[in-house]
Amino acid sequence: MSLFLCRTRRILRTPSLRRLYSTPTSTVAVLGKQYPTDKTTNITSAIIDKVGRNLYINPSHPLGILQALISSHFRDFNSMTGFSPIVTPAQNFDDLGFPADHPGRAATDSYYINRELMLRTHTSAHEVEVFARGEKRWLLSSDVYRRDEIDASHYPVFHQMEGARVFSADAYGMAELEEDNARLSQHLAQSNIIIEDVPHSTAANPRQDAHDPILAELVAHNLKLSLNSLMLRLFGDRANVGDGEPLRVRWIEAYFPFTTPSYEVEVFFRGKWLEILGCGVVQQQTLDRARVPDSISWAFGLGLERIAMILFSIPDIRLFWSQDPRFLSQFSAGQISTFKPYSKYPACYKDVSFWLPDVGLHDNDFCDLVRDTAGDLVQDVALIDSFTHPKTNRSSKCYRINYCSMDRSLSNEEANAINAQVISTLKDKFGVEIR
């Protein structure tokens, strides 16, 4: 979800290499406040450095431009920002009906400040809070954090936008839905769009027992119409298809713990189907927790980076964090423009092969260590070999690290120095044996 010219006589320096993995402390500072640490703590300095940057509220940044475009489409919705990224596991998981064994709860998937606090993994962590305020139509944008692989389309900090609309579960709400559905249906019928739909509910994607069947169908239909209209706004004039060819939108049944029925939305754009967002009818228990009685709601969530990379033709997700004027100067508030790469710097590949410790080593642990040591000088990390010795039963892994700066050429000596620090930190932190 990149690429930059060496300036004249620019001095190349190896970045400072951090060793936080080997120096445990009793507190950690996030957003200027100290928090106690414990055995659950896994937040790294590379992540802490990104907290509070708020790229999505810069009106001339691609993420801010997209956020403003979506907000303008839902002009009668309250568009909210500024929620703290520090939440409790209950807010992030329990209030939304996540099962106790959901993999997202694991320390290998999420960033924990300590056992009681974490960095939100999605905007939905604030759903109950916003519903409880009495908001009926709302959008919420924020930074979210997930431990993830390293490549051009994944980054441990990204930005989401969530929207929801609440209807009263009575004759007034049904009339409101019927009127809005008629308006949206007429708008889409007059637009150049083809929609591949799925049933609003099926045995595999059921409506909720607590919902009146007719009302549930109307809400699901309203969700689909609203988001089809958004897809038309975002992609209709930019699909780069032949003259007169319609925008194609496809709906797919999905599963999310916090909605049912649930769906994913894809758009056919520049020759291929692209996943754009997830959505569904909000679990009634979420509204119950928010003390919003006699109501029904739909909600959707989308990743701003995913869509911005498509619309702005940005090839590397690291670029969103660039402060290089050659990147930032290409964008203006209110305009979708095509990113023009200024240079492509050569990659420098280094392999790291080691025997795993007895307790094992998760891929995300290795990726976090690489990020914390080398920062955004790493474009991607790939597991290229996994081996178990037939006699000793010891297991080993070999990762290939692609060192590639976005704004300058890295010398082989620099890459070697950084890779040596990765290996040293790997041995210190996890006690691995290098092969």
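This report describes the sheets, one hairpin and a buried helix of the structure shown above.

**Confidence of the model**

The structure is a predicted model, and its chain averages a pLDDT of 91, with 93% of the residues scoring at least 70. Residues 1-23 need care, since pLDDT stays under 50 over this stretch, although the model has 81 contacts for it beyond four places in sequence. Where pLDDT is low, the predicted coordinates should not be read in detail.

**The eight-stranded sheet**

Eight strands form an open sheet in the order 3-7-8-13-12-11-10-9, and their pairing is mixed. Strand 3 (78-80) and strand 9 (193-196) stand at the edges, and because each has a single partner strand, one side of each is left without a neighbour in the sheet. From one strand to the next, the twist averages 25 degrees.

At one of these edges, strand 3 runs parallel to strand 7 (residues 137-145) and is joined to it by three bridges, with Met 80 standing opposite Leu 140 in strand 7. Two helices lie across strands of this sheet. Helix 5 (residues 171-189) lies across strand 7, strand 8 and strand 9, and runs at about 125 degrees to strand 8. Helix 6 lies across strand 8, strand 9, strand 10 (247-256), strand 11, strand 12 and strand 13, running at about 30 degrees to strand 13.

**Helix 8 and its surroundings**

How much of helix 8 is buried? Eight of its nine residues are, so helix 8 is largely enclosed by the rest of the structure. The buried residues include Glu 305, Met 309 and Ile 310, and what covers the buried residues includes helix 2, helix 6 (213-235), strand 8 (157-168) and strand 13 (295-303).

The axes of helix 2 (residues 62-73) and helix 8 (residues 304-312) come within 10 Å and cross at roughly 100 degrees, which means that helix 2 is roughly perpendicular to helix 8. Among the residues making this contact are Leu 63, Leu 66 and Ile 70 of helix 2, together with Ile 307, Ala 308 and Leu 311 of helix 8. The residues of the contact divide into ten nonpolar, one polar and one charged. Helix 8 is followed by Ser 313, whose phi is positive, near 55 degrees.

Phe 158, which has its place in strand 8, is buried, with a relative accessible area of 16%. Leaving aside residues up to four places away in sequence, Phe 158 touches Ser 142, Asp 143, Val 144, Arg 146 and Glu 305. Although Phe 158 and Val 144 are 14 residues apart in sequence, their C-alpha atoms are 5.5 Å apart in space.

**A three-stranded sheet and a hairpin**

Another open sheet is formed by three strands in the order 4-6-5, with antiparallel pairing. Its edge strands are strand 4 (86-87) and strand 5 (112-114), each of which pairs on one side only.

Strand 15 and strand 16 form a hairpin with six residues between them, and in the turn Asn 393 has a positive phi of about 65 degrees.

The table lists three strand pairings, each with a pair of residues that stand opposite each other or are bridge partners.

| Strands | Sense | Bridges | Residue pair |
|---|---|---|---|
| strand 3 and strand 7 | parallel | three bridges | Met 80 and Leu 140 |
| strand 4 and strand 6 (residues 117-119) | antiparallel | two bridges | Ile 86 and Leu 119 |
| strand 15 (residues 378-388) and strand 16 (residues 395-403) | antiparallel | nine bridges | Val 381 and Ile 401 |

Key
Residues numbered from 1 in each chain as written. Predicted model: local features only at pLDDT ≥ 70, side-chain atom pairs only at ≥ 80, totals over all residues. Heavy atoms only, no water. Pairing = 2+ DSSP bridges. Helix = DSSP H or I, 4+ residues; strand = E, 2+ residues; numbered from the N terminus. Axes fitted to C-alpha atoms, helices over the stretch in contact; angles between N-to-C directions. Parallel < 35°, antiparallel > 145°, perpendicular 65-115°, else oblique. Contact = heavy atoms within 4.5 Å. Nonpolar A, V, L, I, M, F, W, Y, C, P; charged D, E, K, R; others polar. pLDDT = per-residue confidence, 0-100. Buried < 20%, exposed > 50% of the residue type's maximum accessible area, 1.4 Å probe, protein only.
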